[in-house]
Amino acid sequence: MLHTSEWKTHVYLFEDEHTTKVRVELDTGTTRLTGHGTARCNPTDKDVPEIGDELAAARALESLAEQLKRAAYGDMAAAGAAPQSAPLTAYDLG
């Protein structure tokens, strides 16, 4: 079975007072998810905005990935094909 689809993503970066916040939005056509990430520059470190952008974006993408896995596990369960046990993530642990 051949299946092709296009998922749309938007990445928004906000920087204020040595803090970078990133919001990543994913639209699969049937599901919309949003991941968030933050990075703060240590006051004793040199301010390099690109590092904050990269770190905050990575954290937002990790958040989005965890949400996407949970959605997939839920869809698998609804289809009667749930995995024996879904791996725990840092988000599941609190």
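His18 is partly exposed in this predicted model, and its relative accessible area comes out at 43%. The residue sits in the loop that runs between S1 and S2. Its phi angle is near 65°, which is a positive value in a residue other than glycine. Glu17 is found in the loop between strand S1 (8-16) and S2 as well, and phi is positive here too, near 50°, again in a residue other than glycine. With a relative accessible area of 66%, Glu17 counts as exposed, because the cut-off for that label is over 50%.

Now for the pockets. The largest pocket holds about 200 Å³ of space. Its lining is made up of 16 residues, and those closest to the centre are Arg40, Cys41, Val48, Ile51 and Gly52. Strand S2 (19-27), strand S3 (32-40) and helix H1 (49-78) are the elements that each hand two or more residues to this lining. H1 gives the most, with four residues. Sorted by class, the lining of the largest pocket is a mixed bag: six nonpolar residues, five polar and five charged.

The second largest pocket comes in at about 160 Å³. Around this second pocket stand Trp7, Thr28, Thr30, Thr31, Leu68, Ala71, Ala72 and Asp75. By class, the lining of the second largest pocket splits into four nonpolar residues, three polar and one charged.

How values were computed. Residues are numbered from 1 along each chain as its sequence is written. This is a predicted model: local features need pLDDT of at least 70, side-chain atom pairs count only at pLDDT 80 or more; totals for chains, interfaces and linings use all residues. Side-chain values use heavy atoms; hydrogens and water are left out. On a 1 Å grid over the protein atoms alone, a cavity is a set of points where a 1.4 Å probe fits but cannot get out, and a pocket is an open set with protein on both sides within 12 Å along at least five of seven lines; lining residues have an atom within 4 Å of a point. Grid points are joined across faces, edges and corners, and a volume is the space filled by probe spheres set on the points. Ala, Val, Leu, Ile, Met, Phe, Trp, Tyr, Cys and Pro count as nonpolar, Asp, Glu, Lys and Arg as charged, and the others, Gly among them, as polar. Buried means under 20% relative accessible area, exposed over 50%, partly exposed in between (1.4 Å probe, protein chains only).
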